[in-house]
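Biologist: I'd like to go through this protein with you and ask how you back up the words you use for it. Can you put it on the screen?

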Amino acid sequence: MKKRIFNVLYYVCIFLGLLSFFYLAHPMIIFNTDDWHFASYWRRPLPIPGGYNGIKVFPETFMSLVSEIGLYAVYPFAKDYLMSLAFAYAVAVSLFIIAFVFLLERFLKQITNDDLVSKGISFLVLIFHFLIYKNDCMQNHHLFYAQDVTCVFHYTLSALLNICIVLFLLSEEIIVNRSLSKDILEGKYSAFKAGFLVLAIYLAIYSSMFHNIILASFSGGCLIVELILNVKRKEFKIVAFVRANWIHLMVCIMWISTLIMQLMDPRNEDAKKQEMKAGFVNTIKAFMGQVTSINKFLILFIGIIIMAIVARIIVNGPEGFVRRNGKAFISVILPGFATTLYLIILASVAGKDYISREDVLIGIFDYVFIIISMLMTGLFTDTAHKNGSNDAKSNKAMIIFPLMIFLLTSQTLNYCKSYADYNIFGLSWEETYAAGNDIIEQIIEAENQGIEELDLYVTDNEGWNNIWPYTSYVGTTIADTLYRHGIIAKPIKVNAVYDKKKNEELNIHY
């Protein structure tokens, strides 16, 4: 009972810490045209061949769902439209991160059989996400950062959903060496739970071409390994193979369908017009630039961990470590490599800037962090298992654990180096909040005065030829969202007017 209470309090504390960061320190304020559009846009929950963003079922349904939760559950009490949505977004992001930490801890606990070690390592991995690019005094990025609220749902949460399913399958299949597909068919696994797994896989694959590879590469690797083993043992029978691997087959078939649909997406033509292609070599250079800009303290820490585990393996021999972790390592390293290669190729076609974005790189780094966390279990559990004990207190290496957590947490919480807010222009959230409220006030005032067509004055961004953050049709988009959300009682025609006086009034300079 005490252990259960401790576990609940542990995750509640992490959740509150995350919620404070994503709501109080860096709230996600809808700001640009895409943010206003997707806050209320409900698409069909099915992939749309030939449609714009045809495969993006998850982000284009989930963002509007979360927005409505903020609208109906928070707004009646807060009476602040933008902050109500921001609170709902913060809760959603925090819960996804909690799910990632929980599933990572569950996976590590199956390797170590040690609650304290698995909790400590999974917490350190969470810290890695915030420390990785914290180098400057201001505008630092973390792996949960995105250039706007829309990208949080389209990229960051899509990546987390995929990596969470990978961690779940690692725990349910690889570590315990069983076929979840076969167990479901034989009634050894709850059909109700299996239904949720199928739903999660559906949403993960139909989320983003940049992140469904996380799960697809894992399932593809599992299929290849199983096929090789079956052929090697001369036991291959296609019916038995399908029964034992239908989950992974389903993932791969669905992923192939997304490739086909992506080729039909009208957005491909838009990408060609932007002339962002850089080629494979230049994309690799951009990727290496991101790798070399990782926080040096974090690199030093990881380097020490790797050297320590290598030394321990040399001293104690590799047999025990490989026996416990060998299959899991292969199951993580192969898809990690495939994901990295795929993203570099995709970015070389779509635009090299993608490979420099944290909301794209998170898929690669999460695979790297899983590998590092497994190495850390080898560092702390080899000693514990040496005398046949699984008690963390008997593990002498644990003596450095509190110091490790203190050093990394201190570096991460260092307020002298602040993080960027969720917009591409380096504006503070207070500035984007002021801009959003000014727009809402203009539209509400027009409705109160019975105006049927409004000239909406918005900030001018001449340097971007006023294509962003406010497009020429932003007025209609904002009015539609406010009407759908019940902020205004009837539709109103709104024309955007770019006004430099608004820049001075709101102190916004792009």
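**What the words rest on**

Modeller: Let's start with K79, which is exposed, its relative accessible area being 62%.

Biologist: What makes K79 exposed?

Modeller: The cut-offs: buried means under 20% relative accessible area, exposed over 50%, and partly exposed in between (1.4 Å probe, protein chains only). K79 has 62%, so exposed is the right word. You'll find K79 in the loop between α3 (57–78) and α4; helices (H or I, at least four residues) and strands (E, at least two) are DSSP runs, numbered from the N terminus.

Biologist: And why is N507 called partly exposed?

Modeller: Its relative accessible area is 48%, and that falls between 20% and 50%, so N507 is partly exposed. N507 also has a positive phi of about 55°, although it is not a glycine.

Biologist: What kind of model is this, and how are residues numbered?

Modeller: It's a predicted model, so local features need pLDDT of at least 70 and side-chain atom pairs count only at pLDDT 80 or more, while totals for chains, interfaces and linings use all residues. Residues are numbered from 1 along each chain as its sequence is written, and side-chain values use heavy atoms, with hydrogens and water left out.

Biologist: Which stretch has a pLDDT below 50?

Modeller: pLDDT is the predictor's confidence in each residue, from 0 to 100. The protein averages 90, and 94% of the residues score at least 70. Residues 383–394, though, are below 50. Where pLDDT is low, the predicted coordinates should not be read in detail.

Biologist: Why are F365 and F369 called a stacked pair?

Modeller: Rings of Phe, Tyr and Trp (its six-membered ring) pair if their centres lie within 6.5 Å; planes under 30 degrees apart count as stacked, over 60 as edge-to-face and the rest as tilted. For F365 and F369 the centres are 6.2 Å apart and the planes 25° apart, so they pair and count as stacked. Both are buried, too. They sit four residues apart in helix α15 (residues 358–386), so about one helical turn separates them.

Biologist: How do you know that R357 lies over the face of Y155?

Modeller: A charge sits over a ring if NZ of Lys or CZ of Arg is within 6 Å of the ring centre and within 35 degrees of the ring normal. R357 is at 4.6 Å from the ring centre of Y155 and lies over its face.

Notes. Contact means heavy atoms within 4.5 Å.
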